[in-house]
Amino acid sequence: MYSVINAFVVSLITMGLVINTVSMKSNIFYYEFEKQDEGVLTSEEIDLKNNKNVEENIRYTLQYLFDNNKGHYSFIPEEVTITNILFINGSLEIEVSEDILNYGGTAREISMVDQILATVFSINEIEEFSLFIEGDREVLNEGTSIKEYTRDEWEERMNTIEQN
């Protein structure tokens with residue numbers, strides 16, 4: 001009887017390990033161009049490496065997005081790195097390197113912001129997002145500020161984009 005119980009416990013532990021190794025997923029958003037100047041925001045699903053630590057999953061997802069060397073078109077300038085990340089109770093704040101300012105034009109800025117917001121809010125645990133730029137900047141080149149941006153605001157923005 002003792003060996004049957006041991007076998008049952010070992011089976012439960014093994015099942016637990018198998019269940020725990022199943023990867024969680026996240027989405028990274030990039031652009032595909034159907035015509036020369038008409039980009040369509042699309043996503044790629046990626047496996048997350050740590051299914052227990054939300055902050056690590058967020059960091060991994062955003063760094064994957066910022067690395068933009070995965071064969072997709074990104075409006076995020078090259079060399080952008082995350083310098084700080086803080087996730088508390090559904091609120092995410094990240095600070096990125098000044099490299100994020102290496103672009104020009106309002107259309108590029110809007111596309112970059114959409115790309116970042118789409119990726120951030122694809123993570124279910126995030127309800128509010130703020131982006132800071134090292135050197136105490138909060139505003140992008142063309143005047144966009146992403147501070148305490150909510151999931152509801154993002155969904156409203158997406159509905160507006162889809163209607164146009």
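Me: Why does lysine 147 count as partly exposed?
Reply: This model is predicted, so the value is computed from it. Lysine 147 has a relative accessibility of 41%. Partly exposed covers the range between 20% and 50%. So lysine 147 counts as partly exposed.

Me: What makes glutamate 138 and lysine 147 a salt bridge?
Reply: Their closest N and O atoms are 3.4 Å apart. The cut-off is within 4 Å, so the pair qualifies. Glutamate 138 is partly exposed, at 33% relative accessible area.

Me: How many salt bridges does the structure hold?
Reply: There are three. One of them joins arginine 151 and glutamate 127, with the closest N and O atoms 3.3 Å apart. This pair links distant parts of the chain: arginine 151 sits in helix H4, and glutamate 127 sits in the loop between H3 and E5. They are 24 residues apart.

Me: Is arginine 151 buried or partly exposed, and how do you know?
Reply: Its relative accessibility is 13%. Buried means under 20%, so arginine 151 counts as buried. Its partner, glutamate 127, has 43%. That value falls between 20% and 50%, so glutamate 127 counts as partly exposed.

Me: What makes aspartate 114 and arginine 157 a salt bridge?
Reply: Their side chains meet at 2.7 Å, N to O. That is within 4 Å, so the rule is met. The pair links distant parts of the chain. Aspartate 114 is in helix H3 and arginine 157 is in helix H4, 43 residues apart.

Me: Which label does aspartate 114 get, and why?
Reply: Its relative accessible area is 8%. The limit for buried is under 20%, so aspartate 114 is buried. Arginine 157 has 23%, and is therefore partly exposed.

Me: How many aromatic pairs are there?
Reply: The count comes to two. Tyrosine 60 and tyrosine 64 form one of them, with 6.3 Å centre to centre and 45° between the planes.

Me: Why is the pair of tyrosine 60 and tyrosine 64 called tilted?
Reply: The centres must lie within 6.5 Å, and 6.3 Å passes, so the rings pair. The angle of 45° is neither under 30 nor over 60 degrees, so the pair is tilted. Both residues lie in helix H2, four residues apart, about one turn of the helix.

Me: What sort of pair do tyrosine 73 and phenylalanine 75 form, and why?
Reply: The planes are 85° apart, with 5.0 Å centre to centre. An angle over 60 degrees counts as edge-to-face, so that is the label here. At 10%, phenylalanine 75 counts as buried. Tyrosine 73, at 34%, counts as partly exposed.

Me: Which side chains of strand E4 are buried?
Reply: Leu92, Ile94 and Val96 are buried and point to one face. Ser91, Glu93 and Glu95 point to the other face and are not buried.

Me: Why do the side chains alternate?
Reply: In a regular strand, side chains alternate between the two faces of the sheet.

Me: How do you know that E3 and E4 pair?
Reply: Six bridges join them, and at least two are needed, so they pair. They run antiparallel. Phenylalanine 87 has leucine 92 as its bridge partner in E4.

Me: How do E4 and E5 run, parallel or antiparallel?
Reply: They run parallel, joined by six bridges. Isoleucine 94 stands opposite leucine 131 in E5. With helix H3, the two strands make a right-handed β-α-β unit.

Methods:
Residues are numbered from 1 along each chain as its sequence is written. This is a predicted model: local features need pLDDT of at least 70, side-chain atom pairs count only at pLDDT 80 or more; totals for chains, interfaces and linings use all residues. Side-chain values use heavy atoms; hydrogens and water are left out. Buried means under 20% relative accessible area, exposed over 50%, partly exposed in between (1.4 Å probe, protein chains only). A crossover is right-handed if, with the strands pointing away from the viewer, the path from the first strand over the helix to the second runs clockwise. Rings of Phe, Tyr and Trp (its six-membered ring) pair if their centres lie within 6.5 Å; planes under 30 degrees apart count as stacked, over 60 as edge-to-face and the rest as tilted.
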